[in-house]
Structures are given as structure tokens and as C-alpha cells.
Amino acid sequence: MDKVPQAVRDYLMEAHQLAAQWSLPNDRGDYINSKSIPIKSVAVIGGGTMGRGIAIAFCLSGFETYLVEVNNKAAEFCKNELEITYKREKAFRRLNDSKVEKLRKNLQITTDFQKLNNCDLIVEAVFEDMKLKKELFTKLDKICKPSCIFGTNTSSLDLNEMSSVLRDPTKVVGIHFFNPANLIRMVEVIYGSKTSSKAVATAFEACRSIKKLPVLVGNCPAFVFNRLLGVYLNQSQKLMYEYGYLPHQIDKIITNFGFLMGPLTVADMNGLDVMEKLKKENGWPASDFEKEVWRQKRYGRKTNKGYYKYDPNTHKKENDIEMEQLIRKFSSAASPNIQILNDQDAVNFLLYPMVNEGLLCIEEGIIHHESLIDIMFILGFGWPVATGGPMRFGWLQGIEKVASTIILWNSLEPNDRTYKVAATLQNVDRKNFAAKL
Ligand SMILES: NC(=O)c1ccc[n+]([C@@H]2O[C@H](COP(=O)([O-])OP(=O)(O)OC[C@H]3O[C@@H](n4cnc5c(N)ncnc54)[C@H](O)[C@@H]3O)[C@@H](O)[C@H]2O)c1
């Protein structure tokens, strides 16, 4: 934080305070008048990537913690993966011997759902599949005590539909951790149309007890963080298949801007199959280039090839000639309408649509304040702190410039949902600005 301007520090401090002052719409309750239920026992369902990280966080903070898997084979796999995590975290000095011993002793990996009959909080982290999550909640509804709050770590699914299977749908709340969940402080807490303020207060209290920063957001496809992230990743793809930028060139441009990692490295880490599933399930548009990437099962690190290739033994990232040929094939046939002349244009192409999407989220009432989006990206994504986050970056750039640019791009690409102009940008006074573009 050394080089972070004082104004940005103050701004982020204020964002922390704002995050704590949550309120539900229509006087459904807020941080002042809503009480969390006491939490002693937590069950995380699904011991995959996210479930393991979430369970580690709860267990280390002293909660009675169950990590529930579907069968013995999956439970064994989960145990092995946990051991790998402990080893890695020790190497990075984020865990010591006594913490690892505590985890080995207290983190209860089980396949027996009946053990959850006295749990206060469930956090489900099974596959991103509505039918599966509904079946799971139906089963848990018969086992758990009535006061138990049901949290879901879904990245995108509709909370209202998920809660519809419960006798009391008001107990369902989204608790969306970021990967790796044991390390990243940011959590989106999501309310559906029936979620009670007690469920939200409990989610907030649970997050605080494990040293996370919860931010309240509304229920919409992909919520806030993934909505903005999706826009950023889509724009990075366009730079490849429309403009011929190679993955390492785009990543370099964005790390020069201050990010720790570029978008294509991030996409490979997250797994391109995740986006495939999200887009197919929600009927979101995918480019022909993206479909070809999926067809080739280029799912990123997990398949040793994505936008980059990875050495199967060392896992080292390398540029991939075949991917570069694919990019050239698509980009040579493309005739994009938006001009990109230099690296700065490419940065704007990636980041301005995020500012627009953040404003749309606010206008739709999905999140209350721009600084909450900013803090989400700083703590959850490694956005360069000195700029204060995506929304503040937009204002520092000159919001007239962002407005003029998005309005221009919308006129050039009217069918591209990414450039649907936020009302805030439509209303910016751009009179003195057009000449500077
Ligand atoms: N991976 C991420 O970066 C990320 C980030 C935020 C949220 N999420 C969300 O978290 C959830 C889990 O994602 P993940 O990446 O950890 O998935 P994963 O595939 O790594 O793990 C899912 C786990 O759930 C287990 N499971 C499946 N059905 C079960 C059942 N009926 N009972 C108990 N366990 C069961 C599987 O055996 C598997 O271990 C998804 O909803 C996903 O959208 C993922």
C-alpha cells in the first residue's frame, strides 16, 4: 500500500464502512435491526476446489466444521487434495504445523448427511447445476434443524428458484466466495426476493468471523463480480479474434497497466469450461472463436491447453503456436468496426466496458455504491490498488471520455450487449469532449 495515494486509501476505508451498512430493499431489514443466529457448527457440502477452501477458513476460525462429499471415493480424493493444499500453504508460510494439525484433527470429512442435524449454517459448494442444488436443498431440509441458514456458493444461479424447494425459502442466502476461498477476503452476499434479513445478517456474521469482507448484492445472472469479469474476459477474446492480438501480448498490456495477471492467464486458471457451462446454461452469446476453443477441449490449465499450453510435468505456461494460428485464422477474416491503434486503446477496450457494466448494476439496484464494486475488484481480483478500482478508474479517466467512447462503440456495434450504454453515461455532459476523442 506504500504507493497508494491517501485519497484512494480514504476511499477504500469508506467502502469498508459502507459494506457493513447493508440494507435490503422495501424495508425488509438492515444491519441495524437484523440479528444473526448464533453459529457454532458449519457444514460445507462438496469438497471440490471451493468447498475445501471454505471449510479450511471455517475450521481455522474455530467452528465445528463438516466437509460433506457425495461418496467415499470423492471423500478420499478430497482428503488427498487437502493434504496437497496444506503442503503448498506451508511452503508459502501461510500455514504452520500447528494449524495443519488443527485442520487434520478438526475438519470432519464425511459422507453422512445425518451428522448435519444440528448445524447452524450450511454452505453448499456442489457442481454449478440447478437440479443438483435443488435436490440437495430438498434433502437437507428434511435433516437440518429449522433455524439452520442455507448458504449457496453458486456463481450465477437464480436464488429464487433454488430456494423454491424449501419449506422456508427465506433461509437461503448466497455466500459467494472467490477462489482460493481460504485466502481471498472478498465475499458477495446475495439476497433473493424472499431472503430474510436474518439470513443476510447470519451470512455477514459468518464472513466476518472468518476474516472476510462481505458485500451485499442483488440476485441477477452472474451477480456483480462475475458480470464485470465476464465483460472483461469477452473483450479480451475480441482483441484476439477480431484484432489478432496474441494472448501474451494482451496479458503484457494489462500487467503493464498494473494487474498481477493478464485476462488470458486468468481465464486459463479459472477453466474455460466454466464459461462454456455458464454461457450455454444462461443462453449468453458465444463467438465462433470461443466455440472452436471449446470444441478443441481447450479448457485451460486443467487440460494443459487453453489460450496457452502447459507442460504436463512442470505445469509451466508456454505460448502455443496452434492457438496463435487459430487467432490469425479468425482475425484475418474479421473486419471490426471499433478502431484500436495502440496499447492504450487496447486497455480502454478492456476496461471501459467494465465501468459501464458496473454503472448498469447500480442503476438496476443490484449493488448500492460504486466503491463496493471497486473494493470487490481490489480484494477479489488484484485490480491495481493505486487506481482505486474499476469505477474510480472510470472517473479518474474522465467519465466524459468513458461515456463518449461507449456511446461511440454502441453506435458502431449496436447488437453487442456489452455496449448497452448505462443511463449515467448517457447523461454525462459530453459537449466539450467530442473534439478530444
Ligand atoms: N471454481 C471457482 O473458481 C468458483 C468460484 C466461486 C464459486 N464457484 C461455485 O462453487 C461451486 C463449486 O465449484 P467448484 O469449482 O468447487 O466445483 P468442483 O467441481 O471443484 O467441486 C464440486 C464438488 O461437489 C461434490 N458433489 C457433487 N454432488 C454432491 C452431492 N450431492 N453431495 C456432496 N458433494 C457433492 C463433488 O464430488 C465435487 O467434489 C459451484 O457452484 C461454482 O459455481 C466456483
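**Exercise 1. Place the ring pair Tyr232 and Phe259.**

Tyr232 and Phe259 are both buried, meaning under 20% relative accessible area with a 1.4 Å probe, protein chains only. The model is predicted: local features need pLDDT of at least 70, side-chain atom pairs count only at pLDDT 80 or more, and totals for chains, interfaces and linings use all residues. Residues are numbered from 1 along each chain as its sequence is written, and side-chain values use heavy atoms, without hydrogens and water.

Task: classify the geometry of the Tyr232 and Phe259 pair.

- Step 1. Aromatic rings pair if their centres lie within 6.5 Å; planes under 30 degrees apart are stacked, over 60 edge-to-face, the rest tilted.
- Step 2. The structure holds 24 such pairs.
- Step 3. For Tyr232 and Phe259, the centres are 5.9 Å apart and the planes 15 degrees apart: stacked.
- Step 4. Tyr232 sits in helix H8 and Phe259 in the loop between helices H9 and H10, so the pair ties together parts 27 residues apart in sequence.

**Exercise 2. Describe the surroundings of Asp374.**

Task: find which backbone nitrogen lies 3.1 Å from a polar side-chain atom of Asp374.

- Step 1. Asp374 belongs to helix H15, residues 370-381.
- Step 2. Asp374 counts as buried because its relative accessibility is 0%.
- Step 3. Beyond four places in sequence, Asp374 touches Tyr11, Gly388, Gly389, Pro390, Met391 and Arg392; a contact means heavy atoms within 4.5 Å.
- Step 4. The nitrogen belongs to Arg392.
- Step 5. The charged end of Arg392 also sits over the ring of Tyr11, 4.8 Å from its centre. The criterion is CZ of Arg or NZ of Lys within 6 Å of the ring centre and within 35 degrees of the ring normal.

Definitions and conventions: Helices (H or I, at least four residues) and strands (E, at least two) are DSSP runs, numbered from the N terminus. Buried means under 20% relative accessible area, exposed over 50%, partly exposed in between (1.4 Å probe, protein chains only). A polar contact is a pair of N or O atoms within 3.5 Å; within protein, one must be able to donate a hydrogen and the other to accept it, and residues adjacent in sequence count only if both atoms are side-chain atoms. Rings of Phe, Tyr and Trp (its six-membered ring) pair if their centres lie within 6.5 Å; planes under 30 degrees apart count as stacked, over 60 as edge-to-face and the rest as tilted.
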